[in-house]
Amino acid sequence: MGDNSLAKKKRVPRRVAQTVLNSLKGGVVPRIGLPYVTVGRKNEIEALLHDVDIVGEGGASFRFIVGRYGSGKSFLLQTIRNYAMDRGFAVVDADLSPERRLTGNKGQGLATYRELIGNLSVKTKPEGGALMLVLDKWISGVQAKTVEDTGLNQADPAFPAEVEKRIFGVIRAMDEMVHGFDFAELLTLYYRSYVEDDDDTKAKVLKWFRGEYQNKTEARRDLGVRVIIGDDDWYEYMKLFAYFLVQSGYKGMLVLVDELVNIYKIPNSVTRNNNYEKILTMYNDTLQGKAHYIGIIMSGTPQCMEDRRRGVYSYEALSSRLREGKFSREGARDMLAPVIRLEPLTSEEMMVLTEKLADMHAGLYGYERKLTDDDLIAFIKVEYGRIGADSRITPREVIRDFIELLDILYQNPDMDVRGLLKSDEFSYAESDAVSDKKDDEFTEFTL
């Protein structure tokens, strides 16, 4: 450790370094640059990538990731998101909120669908908004395959009819799926508007796929269809998208849903249970072979999962499926179980993480890194002492403190590292750690 020659070989682009450091200091996970700062989580990543492989073979998967705020749930989701896109998968992701749930009487389920589709990402468009790119790629792919198989060129009068025959072959295969006929009808409309350079109709079809039509009357007037994506059936359309994406050349679709705590917070028990029933439907679908080419990962805090009064486990049908067996324990978790519990990062992993961040900071601001391994060890000891116990330390807290330390030292080059670590800002008494444990149920709601 401490070999700066390796860091120099893997120089982080300044734009990426700026984004990563700013995001982490603000307590959020960056959507780019994660490979530069990923440490640990080897077993969890391997388990989730096994799921991704199953999805690519036509199967389906469903996992819950459980950990305290700041423990790295969102980081792990983003890491898997990047891995999946690199492997040729499409990814959709959304954070739940009071306005975005899995179902609701005010369109909250549809709002989640809109967020998911709006964030549709692929390797060539990783920042989201890839819907039109995917649809256009599908059509151009069919055209290219037609040229390859038939020897016709695109100027040949017989070419459009041959392409359309192949397009309809893909579309007809969807007819037997729930809402498949409606989905296929819109794909046909998109294809024809694509061929005719009818941008207005293309825009309206994209609006329909994004779930933005408010009522059926509006959709019938614009597109001649009698259906719209709604709060109750949006998940069926996600399964159709997964199938369609495979026809477009992708290996499958990953659905990432974060902040399950927002279902836990729903005060009305009937509404809460309706959302848990939606989770059960999705879970059963994937495990019973009713869904294909789709992987679902949801993440939340231990309390929003395990609370028997309001959490996921309050819904008996889910609790009986998800509870850990007798042999799983900290340090020996079953990574094939539906629930993955995040273990705290070790002090050694934290050490590697701080070293990566120190190198990245030095590269961004153009100075020679002065922090030694002993300085990093001293920082980690202070952090562990402040929080009071290894089991309660979270990467978010450590990262924010460390980047603040780097910023202060950069702006005050004459300042002594050890002196700063012993100052009131970074040195906390053990009694503070004890008070940190009080009223645990309320700490779950603080960001």
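**Exercises on strand β1, helix α3 and the largest pocket**

Strands β1 and β4 are paired in parallel through 7 bridges; two strands pair if DSSP finds at least two bridges between them. The model is predicted: local features need pLDDT of at least 70, side-chain atom pairs count only at pLDDT 80 or more, and totals for chains, interfaces and linings use all residues. Residues are numbered from 1 along each chain as its sequence is written, and side-chain values use heavy atoms, with hydrogens and water left out.

**Exercise 1.** Determine which residues stand opposite β1 in its neighbouring strands, and how its two faces are covered.

*Solution.* Step 1: in β4, G300 is the bridge partner of V66. Step 2: β5 runs parallel to β1, joined by 3 bridges, and I340 of β5 lies opposite I65. Step 3: in a regular strand, side chains alternate between the two faces of the sheet. Step 4: A60, F62, F64 and V66 on one side, and S61, R63 and I65 on the other, are all buried (under 20% relative accessible area, 1.4 Å probe, protein chains only). Step 5: 7 of the 7 residues of β1 are buried, so the strand is largely enclosed by the rest of the structure.

**Exercise 2.** Check the length of helix α3 (residues 42-56) and identify what covers its buried residues.

*Solution.* Step 1: the expected span is 1.5 Å times one less than the number of residues. Step 2: for the 15 residues of α3 this gives 21 Å, and the end C-alpha atoms are 21 Å apart, in agreement. Step 3: the buried residues of α3 include E44, I45 and L48. Step 4: their cover includes β1 (60-66) and α4 (73-86).

Key:
Helix = DSSP H or I, 4+ residues; strand = E, 2+ residues; numbered from the N terminus. Buried < 20%, exposed > 50% of the residue type's maximum accessible area, 1.4 Å probe, protein only. Contact = heavy atoms within 4.5 Å.
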